[in-house]
Amino acid sequence: MTEEPVELVTRVCAIDIGKAGLVACVRVPHATRPERRVQEVREYATVTPALLALADWLRVERVELVAMEATSSYWKPVFYLLEAEGFTCWLLNARHVKNVPGRPKTDRLDAVWLAKVVERGMCRPSLVHPKPIRQLRDVTRYRRSLVREQTREKQRLEKTLEDAQIKLDSVISDLHGVSGRQMLQALIGAAA
């Protein structure tokens, strides 16, 4: 059996995030008793001015590490703003830091529990890509959704034509190519 000193994160903040608000718990060393810890819990809205006020409070407390659970997509604005303000942020998998069964579950207690878990090094952060990669991924996902939507609209047009007994796709290879669009324009012109 080996005895290793417990390595604590000296100044930590843990955040329990909801849709409209968050609860932040800051744990720091006691001013006069170094073996003791002091914690303070505050609530903030998840709007930008409130998040900036949270960042100011964390700067005053000289917080070294900010941790938060990955709750839906609610974590993103908080994480990105605090990261932009210069804080080291960790995103934690909720399953890895689940509260102990049998304890009452409130946002305040969750924030305190998370702060204790993080300060003692009992968890590891999830991967959050750097900003350029996040932006590229967002653009790629958006493009993919636009392509899917375009495909759905093309299929809807083909189905509408089939329902109207217009069999253009049996005459031309690409209903949405130049010739197909000209035929569709002619059909629209004839109907008008």
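Is Arg152 buried, partly exposed or exposed? In this predicted model, Arg152 counts as partly exposed, at 40% relative accessibility. The legends below place this residue and others in their surroundings.

**Figure 1. Glu149 and Arg152 are joined by a salt bridge in helix 4.** The closest N and O atoms of Glu149 and Arg152 are 2.8 Å apart. Both residues belong to helix 4 (residues 131-163), where 3 residues, about one turn of the helix, separate them. Glu149 has a relative accessible area of 34% and is partly exposed; Arg152 is also classed as partly exposed, at 40%. Side chains of opposite charge can pair when their charged atoms come close.

**Figure 2. Glu153 and Arg156 form a salt bridge in helix 4.** Here the closest N and O atoms are 2.4 Å apart. Because Glu153 and Arg156 are 3 residues apart in helix 4, about one helical turn lies between them. Glu153 is partly exposed at 39% relative accessibility, and Arg156 is partly exposed at 44%. Elsewhere, Arg27, Arg37 and Glu119 are joined into one network by salt bridges that share partners. The count of salt bridges in the model comes to 13.

**Figure 3. Strand 2 pairs with strand 1 and with strand 3.** Strand 1 and strand 2 run antiparallel and are joined by 6 bridges. These two strands form a hairpin, with 3 residues between them. Within this pairing, Ile17 stands opposite Leu22 of strand 2. Strand 2 also runs antiparallel to strand 3 (residues 37-45), to which 9 bridges join it. Of the 9 residues of strand 2, 7 are buried, so this strand is largely enclosed by the rest of the structure.

**Figure 4. Glu40 of strand 3 stands opposite Val26 and forms a salt bridge with Arg42.** The side chains of Arg42 and Glu40 meet at 2.8 Å, N to O. Glu40 is partly exposed, with a relative accessible area of 33%. Arg42, at 30% relative accessibility, likewise counts as partly exposed.

**Figure 5. Asp16 is a buried residue of strand 1.** The relative accessible area of Asp16 is 10%; Asp16 is buried because this value is under the 20% limit. Beyond its neighbours within four places in sequence, Asp16 is in contact with Gly21, Leu22, Val23, Glu69, Asp107, Asp110 and Ala111.

**Figure 6. The largest nonpolar core contains 26 residues.** The members that touch the most other members are Ile15, Leu22, Leu54, Leu58, Val66, Met68 and Leu82. Two or more residues each are given to this core by strand 1 (12-17), strand 2 (21-29), helix 1 (48-60), strand 4 (65-69), helix 2 (75-84) and strand 5 (89-92). Helix 1 supplies the largest share, 6 residues. In soluble globular proteins, nonpolar side chains tend to be buried together.

**Figure 7. Met68 has contacts with residues distant from it by more than four places in sequence.** Leaving aside its neighbours within four places, Met68 is in contact with Ile15, Ile17, Trp75, Val78, Phe79, Leu82, Trp90, Leu91, Leu92 and Leu114. Apart from the largest core lies another core, of 17 residues, which includes Val12, Val41, Leu114 and Val118.

Technical notes
Residues are numbered from 1 along each chain as its sequence is written. This is a predicted model: local features need pLDDT of at least 70, side-chain atom pairs count only at pLDDT 80 or more; totals for chains, interfaces and linings use all residues. Side-chain values use heavy atoms; hydrogens and water are left out. A nonpolar core is a set of buried Ala, Val, Leu, Ile, Met, Phe, Trp, Tyr and Cys residues joined through side-chain atoms within 4.5 Å. Buried means under 20% relative accessible area, exposed over 50%, partly exposed in between (1.4 Å probe, protein chains only). Helices (H or I, at least four residues) and strands (E, at least two) are DSSP runs, numbered from the N terminus. Contact means heavy atoms within 4.5 Å. Two strands pair if DSSP finds at least two bridges between them. A salt bridge is a side-chain nitrogen of Lys or Arg within 4 Å of a carboxyl oxygen of Asp or Glu.
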